Amino acid sequence: MVDIILTDGPDTRTLSPGELGPGDSLFALRGNDDVTGSSSNETMFLGKDNDVVRGGGGNDEINGNNEQDLITGGDGNDTVRGGKDSDVVIGGLGNDSIYGDRGADQLVGGGGADTFVLFADSTLPPGSRGDQLLDYNLAEGDRIGLIGLTASDITLNATPGLRSTEVLLPLLPPGISTDTILGEFGLGPVLQNAANPSTNLLDGIQIIANGQVLATVYNTTEADILSGITTVNL
């Protein structure tokens with residue numbers, strides 16, 4: 001097997017099982033690419049522009065890059081990374097590691113015991129709410145992993161209610177419809193579960209380090225956040 005390199009323009013590609021062998025990767029270049037994985041374990045590196053990637057089955061590694069990407073790992077124990085800029089990163093089923101990386105990202109674990117990885121991001125503007133953790137659930141085994149920080153370095157702060165559309169819509173990748181985000185990628189039920197149905201409001205808790213908001217975590221408690229904090233390596 002060999003690496004797959006897409007073109008320097010918009011590409012649509014669906015992988016077949018086994019098309020990427022062990023040690024092989026898919027590389028997307030420029031253009032708004034749309035890639036769907038198979039049931040195999042696959043490694044993908046996205047390029048510039050706004051890409052949409054569905055990992056499919058298997059234990060996948062999906063790495064975003066510049067611009068706003070929409071990434072889901074699908075089934076399996078996946079490692080998904082948003083890269084630069086503000087991305088929507090979804091683990092899917094399985095025990096996933098979810099990195100927003102740079103920018104203020106939407107992070108969704110899905111089913112399974114997921115680890116949401118945070119670090120101080122000097123590229124965020126003052127007043128940013130940081131990453132948005134939309135379905136953190138300690139009872140499922142979810143954890144919050146810190147890079148370069150420990151639990152003693154953070155403080156927590158409750159935030160007033162925000163409308164769910166205010167949280168989600170500003171971070172939609174250009175050209176991606178709301179229906180795609182809410183339906184195909186399953187954020188509708190996530191927001192519905194987190195929001196008060198009578199007011200459509202989300203209550204969040206901010207994770208703060210050295211005065212910077214690393215993330216805002218919804219539908220949880222301070223005790224659950226502190227119980228789930230761990231330190232991870234790059």
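**Figure 1. Phe27 counts as partly exposed, at 29% relative accessibility.** The model shown in this and the following views is predicted. A search of the whole structure yields two aromatic pairs. One of them joins Phe27 and Phe45 in a stacked arrangement, with 5.3 Å centre to centre and 10° between the planes. The pair links distant parts of the chain: Phe27 belongs to strand β3 and Phe45 to strand β5 (residues 43–45), and the two are 18 residues apart. Phe45 has a relative accessibility of 30% and therefore counts as partly exposed, the limits of that class being 20% and 50%.

**Figure 2. Phe116 and Tyr136 form an edge-to-face aromatic pair.** The ring centres of Phe116 and Tyr136 are 6.3 Å apart and the planes stand at 65°; the pair is edge-to-face because this angle is over 60 degrees. Phe116 is located in strand β13 (residues 115–118), whereas Tyr136 is in the loop between β14 (131–133) and β15 (143–146), so the pair ties together parts of the chain that are 20 residues apart in sequence. Is Phe116 buried or exposed? Phe116 is buried, as is Tyr136.

**Figure 3. An open sheet of nine strands has parallel pairing.** The strand order is β1-β3-β5-β7-β9-β11-β13-β15-β21. Which strands stand at the edges? These are β1 (4–5) and β21 (229–231); each has a single partner strand, so one side of each is left without a neighbour in the sheet. At the β1 edge, two bridges join β1 to strand β3 (residues 26–27), and these strands run parallel. Ile5 stands opposite Phe27 in β3. Phe27 is also the residue that stacks with Phe45.

**Figure 4. The largest nonpolar core has 32 residues.** The residues with the most contacts inside this core are Leu26, Leu118, Leu133, Ile144, Leu146, Ile207 and Ile225. Two or more residues are given to the core by each of β13, β15, β19 (204–209) and β20 (212–218). Which residues are in contact with Leu133, once its neighbours within four places in sequence are left aside? They are Leu107, Phe116, Leu118, Ile144, Ala215, Thr216, Val217 and Tyr218. Phe116, one of these contacts, is also a member of the edge-to-face pair with Tyr136. Another core, of 18 residues, lies apart from the largest one and includes Val52, Leu70, Val88 and Ile176.

**Figure 5. Strand β19 is mostly covered, with six of its six residues buried.** Both faces of β19 are covered. On one side the buried residues are Gly204, Gln206 and Ile208, and on the other they are Ile205, Ile207 and Ala209. Strand β16 (residues 154–158) is joined to β19 by five bridges, and the two run antiparallel; here Asn157 stands opposite Gln206. β19 also pairs with β20 in the antiparallel sense, over six bridges. Ile205 has Val217 in β20 as its bridge partner.

**Figure 6. Positive phi values occur at Asn210, Asp49 and Asn219.** Most residues other than glycine have a negative phi. Asn210 is in the turn of the hairpin formed by β19 and β20, which has two residues between the strands; its phi is positive, about 50°. Where does Asp49 lie? Asp49 lies in the loop between β5 and β6 (52–54). Although Asp49 is not a glycine, its phi is positive at about 80°. Asp49 is partly exposed, with a relative accessible area of 26%. Asn219, also a residue other than glycine, has a positive phi near 60°. Asn219 is in the loop between β20 and α4 (222–228) and, at 48% relative accessibility, counts as partly exposed.

**Figure 7. Helix α3 (residues 187–194) has buried residues on one side.** Leu187, Val190, Leu191 and Ala194 are buried. They cover an arc of only 90° around the axis, which puts them on the same side of α3. Which exposed residues are carried by the face turned away from the buried side? That face carries Gln192 and Asn193.

**Figure 8. Arg81 lies over the face of Tyr99.** The distance from the ring centre of Tyr99 is 4.1 Å.

Note on methods
Residues numbered from 1 in each chain as written. Predicted model: local features only at pLDDT ≥ 70, side-chain atom pairs only at ≥ 80, totals over all residues. Heavy atoms only, no water. Pairing = 2+ DSSP bridges. Helix = DSSP H or I, 4+ residues; strand = E, 2+ residues; numbered from the N terminus. Buried < 20%, exposed > 50% of the residue type's maximum accessible area, 1.4 Å probe, protein only. Arc of directions from axis to C-beta. Phe/Tyr/Trp six-rings, centres within 6.5 Å; stacked < 30°, edge-to-face > 60°. Lys NZ or Arg CZ within 6 Å of the ring centre and 35° of its normal. Core = buried A, V, L, I, M, F, W, Y, C linked by side-chain atoms within 4.5 Å. Contact = heavy atoms within 4.5 Å.
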